[in-house]
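I opened the model at my desk and set out to record contacts, charges and packing. The entries below follow the order in which I looked things up.

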Amino acid sequence: MNDFEKMCKELNRKMCSNNSCTGDKYMCALFAVRKYIADGDKWNRLYSLKAQGKSISPNEQMSTLITIASIGISVCTLCFTIISDSFYKILILIIVLLIVMLVSHFFAYTKDIRECKDYIMTAIEKIEGEMKEKQRKNDCNKNKNSR
């Protein structure tokens, strides 16, 4: 689990118990991103978090998993139809049940990410803009002082 996923889970779990947040997801995401980049190289941490967020696509992952699960269930159904022994039929039903449980577990796992990804990415963009503006002002002041 990368830092972006951890941040999503934490946001959805705590939903900002801190006084700096108003309880709205965007403000919580803004607070969490600011807290995350406060330690160490701000630009590096911000871009690292941004890259992690862009690389995560829970809807595509879910779609792929459902496709694979559908194929597995289809194969099990075909085997269930062909096989006449009841022991193997029970075994096939257990396999189908495990596939369904796997899909539901993955759906629950990606729920946090689906719910807060956009909020965190928007917060990252806002903070990135603020940092660029601050850096631009610092560069302008340096140029004025060097003349």
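**Entry 1: Surroundings of Phe-80**

Leaving out residues up to four places away in sequence, I found that Phe-80 touches Lys-89, Ile-92 and Leu-93; contact here means heavy atoms within 4.5 Å. I note that this is a predicted model, in which local features need pLDDT of at least 70 and side-chain atom pairs count only at pLDDT 80 or more, while totals for chains, interfaces and linings use all residues. Residues are numbered from 1 along each chain as its sequence is written, and side-chain values use heavy atoms, with hydrogens and water left out.

I placed Phe-80 in helix 4 (residues 58-82). Helices are DSSP runs of H or I with at least four residues, strands are runs of E with at least two, and both are numbered from the N terminus. Phe-80 has a relative accessible area of 31%, so I entered this residue as partly exposed. The classes are buried for under 20% relative accessible area, exposed for over 50% and partly exposed in between, with a 1.4 Å probe and protein chains only. I also compared Phe-80 with Met-1: the two are 79 residues apart in sequence, and their C-alpha atoms are 37 Å apart in space.

**Entry 2: Salt bridges**

I searched the whole structure and obtained 7 salt bridges, each being a side-chain nitrogen of Lys or Arg within 4 Å of a carboxyl oxygen of Asp or Glu.

I looked at Glu-115 and Lys-25, which form a salt bridge with their closest N and O atoms 3.7 Å apart. Glu-115 belongs to helix 5 (residues 86-146) and Lys-25 to helix 2 (residues 25-37), so this pair ties together parts that are 90 residues apart in sequence. Glu-115 is partly exposed because its relative accessibility is 33%; Lys-25 is also partly exposed, at 23%.

Glu-115 forms a salt bridge with Lys-111 as well, with 3.3 Å between the closest N and O atoms. Both of these residues lie in helix 5, 4 residues apart, or about one turn of the helix. I entered Lys-111 as partly exposed because its relative accessible area is 40%. Lys-25, Lys-111 and Glu-115 are thus recorded as linked in a network of salt bridges.

I then took up Lys-50 and Glu-128, whose side chains meet in a salt bridge at 2.8 Å, N to O. This pair links distant parts of the chain, with Lys-50 in helix 3 (residues 42-55) and Glu-128 in helix 5, 78 residues apart. Is Lys-50 buried or exposed? Its relative accessibility is 15%, so Lys-50 counts as buried. Glu-128 is buried too, with a relative accessible area of 9%.

**Entry 3: Nonpolar cores**

I defined a nonpolar core as a set of buried Ala, Val, Leu, Ile, Met, Phe, Trp, Tyr and Cys residues joined through side-chain atoms within 4.5 Å. The largest core has 22 residues, of which Phe-4, Met-7, Leu-11, Val-33, Ile-120 and Ile-124 touch the most other members. At least two residues of this core come from each of helix 1 (3-14), helix 2, helix 3 and helix 5. Helix 5 gives the largest share, 8 residues.

I examined Val-33 further. Setting aside neighbours within four places in sequence, Val-33 is in contact with Met-7, Leu-46, Leu-49, Ile-120, Ala-123, Ile-124 and Ile-127. Apart from the largest core lies another, of 6 residues, including Met-62, Ala-69, Val-103 and Phe-106.

**Entry 4: Aromatic rings**

My search of the whole structure gave 2 aromatic pairs. Rings of Phe, Tyr and Trp (its six-membered ring) pair if their centres lie within 6.5 Å; planes under 30 degrees apart count as stacked, over 60 as edge-to-face and the rest as tilted. I checked Phe-87 and Tyr-88: the ring centres are 5.3 Å apart and the planes stand at 70 degrees, so the pair is edge-to-face. Phe-87 counts as exposed, at 53% relative accessibility, and Tyr-88 as partly exposed, at 41%.

I also noted that the charged end of Arg-45 sits over the ring of Tyr-36, 4.0 Å from its centre. The rule requires NZ of Lys or CZ of Arg within 6 Å of the ring centre and within 35 degrees of the ring normal.

**Entry 5: Cysteines**

How many disulfides are there? I counted 0 disulfides, a disulfide being a pair of cysteine sulfur atoms within 2.5 Å. Cys-76 is in no disulfide, and the nearest cysteine sulfur, that of Cys-79, is 6.4 Å away. Cys-76 counts as buried, at 10% relative accessibility. Cys-8 counts as buried, at 0%.
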